[in-house]
Amino acid sequence: MLRAALNLLVPPLCWVCREAAADRLCESCRSQMPWIEPLAPRRSGSRLQQHWSPLEFAGPARVLVHALKFQSATALAGLMARQLVDALPPRAFPPDAALVPVPASPLRLRQRGFDHADLLAAELSQLVMLPLERPLRRESSIARGQRGLGRSDRLSGRGLRVRAARKAPVRVILIDDVCTTGATLDLCAEALLGAESKLVSAVTYCSVP
Ligand SMILES: [Zn+2]
C-alpha cells in the first residue's frame with residue numbers, strides 16, 4: 001500500500017539507465033542484456049563438472065554487477081537471481097545439490113558490509129528451493145597478498161587461498177556474480193572436493209569472454 005503510493009509520487013527507476021521503469025529494469029535495457037550460450041565450454045584441468053553462466057560481463061549485465069558490488073544495491077540480487085533461473089535449464093539446479101557462495105575476502109566483507117555472492121546465492125536458494133551452505137572460507141591474507149601481485153597473478157588465482165572450514169555437501173553448486181578466468185571457481189572446487197564433496201558445478205551470473 002505504502003509502496004504503491006510512493007511509486008505514484010516517485011516512480012522507480014531502471015537500475016541501468018535511470019529512466020522510469022516499473023520493475024527496475026526498463027524494456028530497452030532488458031533487450032540489451034548480453035545473453036550467451038549458458039553452458040560454458042569446459043576449461044582444461046577444471047575440477048568443475050559443469051559451469052553455467054548465461055550472460056557476458058558487458059552492457060547492462062556489467063552495470064548491474066557493479067551496482068550490486070560497489071553501490072550496495074543489494075536489492076539487485078533478487079533481480080539477478082530471477083534472470084538466472086529464467087535463463088538456465090532445470091538441470092543446472094539438480095534437486096540433491098546445495099548452493100555454496102564463493103566467499104568474499106574478509107577485507108572486502110569489512111569494506112562493503114555484505115557479501116554479494118552470498119546475497120545472490122540466498123536469493124537463488126529461495127527460488128530453486130535448494131539449501132544454502134557456507135563451508136568455504138577465504139584466508140584473511142588474500143587481500144594483502146593480492147595487492148602485491150601483478151594482474152596476471154591475480155587473474156590466475158595465485159595468492160588466493162580458499163579452504164573448507166567444515167565438511168562440505170556431497171553435491172555442490174558454487175555461486176558467484178562474475179567469472180573472470182575460472183581460477184577462483186577451481187580453487188573453491190578443489191577445497192570442496194577435499195572436504196567430502198563428490199560433484200561440484202558452478203553457476204555464475206556472467207563471464208568475462
Ligand atoms: Zn534502462
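This report walks through a zinc site and a buried strand in a predicted model.

## Ground rules

Local features here need pLDDT of at least 70, side-chain atom pairs count only at pLDDT 80 or more, and totals for chains, interfaces and linings use all residues. Residues are numbered from 1 along each chain as its sequence is written, and side-chain values use heavy atoms, with hydrogens and water left out.

## The zinc site

Four cysteine sulfurs hold the zinc ion at 2.3 Å: the SG atoms of Cys14, Cys17, Cys26 and Cys29. Donors are N, O and S atoms within 2.8 Å of the metal (3.2 Å for Na, K and Ca); water is not among the atoms, so sites may look incomplete. Along the chain, the donors follow the spacing C-x2-C-x8-C-x2-C.

The site is tetrahedral, with angles of 102 to 118° among the 4 donor atoms; for four donors that label requires all angles to lie between 85 and 135 degrees. Cys14 and Cys29 are both buried (under 20% relative accessible area, with a 1.4 Å probe and protein chains only).

## Strand 7 and its neighbours

Strand 7 (residues 199-207) is largely enclosed by the rest of the structure, because 8 of its 9 residues are buried. Strands are DSSP runs of E, at least two residues long, and helices are runs of H or I, at least four, numbered from the N terminus.

Strand 6 (residues 171-179) runs parallel to strand 7, joined by 8 bridges; strands pair if DSSP finds at least two bridges between them. Leu174 has Ala202 in strand 7 as its bridge partner, and His51 also stands opposite Ala202.

Terms used. Buried means under 20% relative accessible area, exposed over 50%, partly exposed in between (1.4 Å probe, protein chains only). Four donors count as tetrahedral if all angles lie between 85 and 135 degrees; four count as square planar and six as octahedral if opposite donors are over 155 degrees apart and all others between 65 and 115; anything else is irregular.
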